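Trainee: I am new to this structure. Could you show it to me and then explain the labels people put on its residues?

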Amino acid sequence: MYICITEVDAVTKIVCTAEPQRTGPSMPAIKGWTHIWHDSSTWPVSTAPDGTYLRAPKYYGTCDDDADTTIAGVLQVLTEAEFNAAKDAEHLARRPYPSWIGYPDTMTWSAPVPRPVDAIMNGGNVRYQWDEATVNWIVQTPAV
């Protein structure tokens, strides 16, 4: 089944929005849990002065059909349609520029124009930045 979970304290298993995770973060022990994606477009998550999360970070995935979904940290059981709609919305929220091409299976985006071969990220020595106005890579101007 499709589910959405959040972090719990590693020892107490109290949900991250109820108390700080004093012994470290952990995921609920859900039978057959497989993480597929998470809502990183809304990260970082703000915390109260004591370290309690003000909003639950959400992790989406699947679990065994007979898994106990009433334990602390399980936020929602979803239909396949709800799961896919949430995944599509998250993927769109991560879109860096309107012209970029999305790959929903990997939750990634790519520029419509390849990065120049002399770019630092390709092993070269030139820094480029994306320019949406020209839909192309331009040489990054050093700050003065």
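Mentor: We will go through the labels by asking how each one is earned. This is a predicted model, where local features need pLDDT of at least 70, side-chain atom pairs count only at pLDDT 80 or more, and totals for chains, interfaces and linings use all residues. Residues are numbered from 1 along each chain as its sequence is written, and side-chain values use heavy atoms, with hydrogens and water left out.

Trainee: Why is Asp39 called buried?

Mentor: Buried means under 20% relative accessible area, exposed means over 50%, and partly exposed is in between (1.4 Å probe, protein chains only). Asp39 has 7%, so it counts as buried.

Trainee: Where does Asp39 lie?

Mentor: Asp39 is in the loop between E4 and E5. Strands (E, at least two residues) and helices (H or I, at least four) are DSSP runs, numbered from the N terminus.

Trainee: What makes Asp39 and Arg55 a salt bridge?

Mentor: A salt bridge needs a side-chain nitrogen of Lys or Arg within 4 Å of a carboxyl oxygen of Asp or Glu. For Asp39 and Arg55 the N to O distance is 3.5 Å, so the pair qualifies. Arg55 is partly exposed, at 32%.

Trainee: Why can such side chains pair at all?

Mentor: Side chains of opposite charge can pair when their charged atoms come close.

Trainee: How many salt bridges are found in the whole structure?

Mentor: The search finds four. One of them joins Lys31 and Asp66, with the closest N and O atoms 2.7 Å apart. Lys31 lies in the loop between E3 and E4 and Asp66 in the loop between E5 and E6, so the pair ties together parts 35 residues apart in sequence.

Trainee: How do you know whether Asp66 is buried or exposed?

Mentor: Its relative accessibility is 55%, so Asp66 counts as exposed. Lys31 has 44%, so Lys31 counts as partly exposed.

Trainee: What makes Ser41 and Glu90 a polar contact?

Mentor: A polar contact is a pair of N or O atoms within 3.5 Å; within protein, one must be able to donate a hydrogen and the other to accept it, and residues adjacent in sequence count only if both atoms are side-chain atoms. The side chains of Ser41 and Glu90 are joined at 2.7 Å, so the distance fits. Asp39 has a polar link too: its side chain reaches the backbone nitrogen of Lys58 at 3.0 Å.

Trainee: Why is the pair of Tyr2 and Phe83 called tilted?

Mentor: Rings of Phe, Tyr and Trp (its six-membered ring) pair if their centres lie within 6.5 Å; planes under 30 degrees apart count as stacked, over 60 as edge-to-face and the rest as tilted. By this rule there are 10 aromatic pairs. Tyr2 and Phe83 have 4.6 Å between centres and 35° between planes, so they are a tilted pair. Tyr2 lies in strand E1 and Phe83 in helix H1, so the pair ties together parts 81 residues apart in sequence.

Trainee: Which residues form an aromatic cluster with Tyr2 and Phe83?

Mentor: Trp37 and Tyr60 join them in one cluster.

Trainee: What makes a set of residues a nonpolar core?

Mentor: Its members are buried Ala, Val, Leu, Ile, Met, Phe, Trp, Tyr and Cys residues joined through side-chain atoms within 4.5 Å. The largest core has eight residues, including Trp100, Trp109, Val126 and Trp137. A second, separate core of seven residues includes Ile3, Tyr59, Ala67 and Val74.
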